[in-house]
Amino acid sequence: MKENESPSLATLTKANLVLGKLLTQAENQDKDENQLKEELDGIIDKIKKAQVGAADKTLEEVCGDMSDIPKIPLRTKKILKGHLSKVTAVHYCGDNRHLVSGSLDGKLIIWDTWSGNKVRIIPLQSSWVMTASYSPSGNFVACGGMDNMCTVYDVNTRDSTGIAKIRREMMGFEGFLSCCRFLDDNKLITGSADMKIMLWDLETGVKDAEYNGHAGDVISMSLHPDKTSFVTGSVDRSIKLWDIRDGECKQTFWGHESDVNSVCFHSSGYYFGTGSDDKTSRLFDIRADQQIGLYQTPSNKSGFTSCGLSTSGRVIMCGSDDSAVHTWDTLKAKHNGTCFWIFFPV
């Protein structure tokens with residue numbers, strides 16, 4: 001058709017037919033997606049009912065005659081000053097003394113938490129860091145974020161500029177890197193917004209395995225104490241238990257009604273805690289294959305961004321959107337205390 005020439009009636013008719021088919025396909029696709037979502041929600045509801053039927057008693061009922069634990073006095077033990085912007089990730093080394101922190105100021109800082117001193121400052125290529133990990137040996141740290149890349153630094157080796165030397169850069173992510181954890185100095189597991197979980201060989205920089213199963217962004221990860229398995233939390237509201245050795249999902253845990261922002265294994269490896277945007281923290285038992293504890297704040301107004309379990313397992317702690325750390329007695333599901341943080345401008 002020549003420039004400025006009006007399309008013929010036949011051309012318009014064909015175009016309308018094509019457009020109609022495309023619209024019909026889009027509508028059918030939406031219907032299919034809605035139908036699949038309804039089926040999935042129905043299956044999840046059946047699983048929850050079956051779990052409730054299999055549970056003869058609740059944790060609170062079993063532990064109802066136990067004495068309450070004393071109120072936990074949460075106090076600031078050490079303030080680590082150095083970052084100039086929001087701290088987005090913190091992870092301890094295997095010695096429980098040193099930790100690495102990542103911040104939107106574009107730096108990783110390695111700290112000696114006993115003295116409060118900085119051990120090493122590592123400038124990053126991208127300031128949009130969302131996760132950081134310290135290897136158990138203390139030889140390496142890893143980080144990543146909105147750059148869709150995972151970078152591993154050798155803490156003990158410096159390049160010509162005096163900065164910690166980059167050991168490996170893993171690329172190929174189709175979404176931001178949300179979590180990563182070292183198995184050892186040569187193995188690293190990553191989770192990202194492309195719904196994929198990958199196991200990397202750091203010697204070669206090659207992907208050893210890929211774990212698929214989540215239907216939304218993978219947000220959080222926690223390794224089993226024996227490092228043969230791990231759990232992941234996702235935007236799809238589920239938590240999955242994976243076997244590192246065969247790459248299979250062994251269990252899926254439902255209960256949360258929104259993003260699962262944090263997961264944390266207990267040192268026994270039998271159960272783990274979670275924190276979610278649905279304003280609840282929960283306790284899941286692998287042996288029972290279901291949720292055994294539900295924890296909410298008295299106000300029930302803020303979601304949780306992080307969680308951790310005490311060594312005994314009697315206390316669960318969660319960082320909240322209300323700038324507080326909340327604690328509960330895990331056995332009696334009682335809110336035990338709150339620590340509020342006061343922020344000062346930099």
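1. A charge sits over a ring if NZ of Lys or CZ of Arg is within 6 Å of the ring centre and within 35 degrees of the ring normal. In this predicted model, Arg-167 places its charged end over the ring of Phe-140, at 4.4 Å from the centre. Arg-287 lies over the face of Tyr-270, and here the distance to the ring centre is 4.3 Å.

2. Now the annotation. According to UniProt, in an unreviewed entry, the feature "repeat: WD" covers residues 80-121, 184-210, 211-252 and 253-294. Take the span 184-210: strand makes up 63% of it and helix 0%. Its end C-alpha atoms are 18 Å apart.

3. Next, a sheet. Four strands form an open sheet in the order β17-β18-β19-β20, and the pairing is antiparallel. The edges are β17 (260-265) and β20 (290-295). Each has a single partner strand, so one side of each has no neighbour in the sheet. On average, neighbouring strands here are turned by 25 degrees against each other, direction ignored.

4. Which strand pairs with β17 over five bridges? That strand is β18 (residues 271-276), and the sense is antiparallel. Phe-265 has Phe-272 of β18 as its bridge partner. In general, strands of a sheet pair through backbone hydrogen bonds, parallel or antiparallel.

5. Aromatic contacts deserve a point of their own. The model has 10 aromatic pairs. In one of them, the ring centres of Phe-253 and Phe-272 are 5.2 Å apart, with the planes at 85 degrees. Planes over 60 degrees apart count as edge-to-face, so this pair is edge-to-face. The contact links distant parts of the chain: Phe-253 belongs to strand β16 (residues 249-253) and Phe-272 to strand β18, 19 residues apart.

6. Are Phe-253 and Phe-272 buried or exposed? Both are buried. They also belong to one aromatic cluster, together with Phe-265 and Phe-284. Phe-272 therefore has two roles to note: bridge partner of Phe-265 and edge-to-face partner of Phe-253.

7. Last, a polar side chain. Thr-232 is located in strand β14 (residues 229-234). Its relative accessibility is 0%, so Thr-232 counts as buried. Which side chain does Thr-232 meet in a polar contact of 2.7 Å? The partner is the side chain of His-214.

Key. Residues numbered from 1 in each chain as written. Predicted model: local features only at pLDDT ≥ 70, side-chain atom pairs only at ≥ 80, totals over all residues. Heavy atoms only, no water. UniProt positions renumbered as here; feature names shortened; annotations may be inferred. Pairing = 2+ DSSP bridges. Axes fitted to C-alpha atoms, helices over the stretch in contact; angles between N-to-C directions. Phe/Tyr/Trp six-rings, centres within 6.5 Å; stacked < 30°, edge-to-face > 60°. Buried < 20%, exposed > 50% of the residue type's maximum accessible area, 1.4 Å probe, protein only. Polar contact = N/O pair within 3.5 Å; in protein donor to acceptor, adjacent residues only side chain to side chain.
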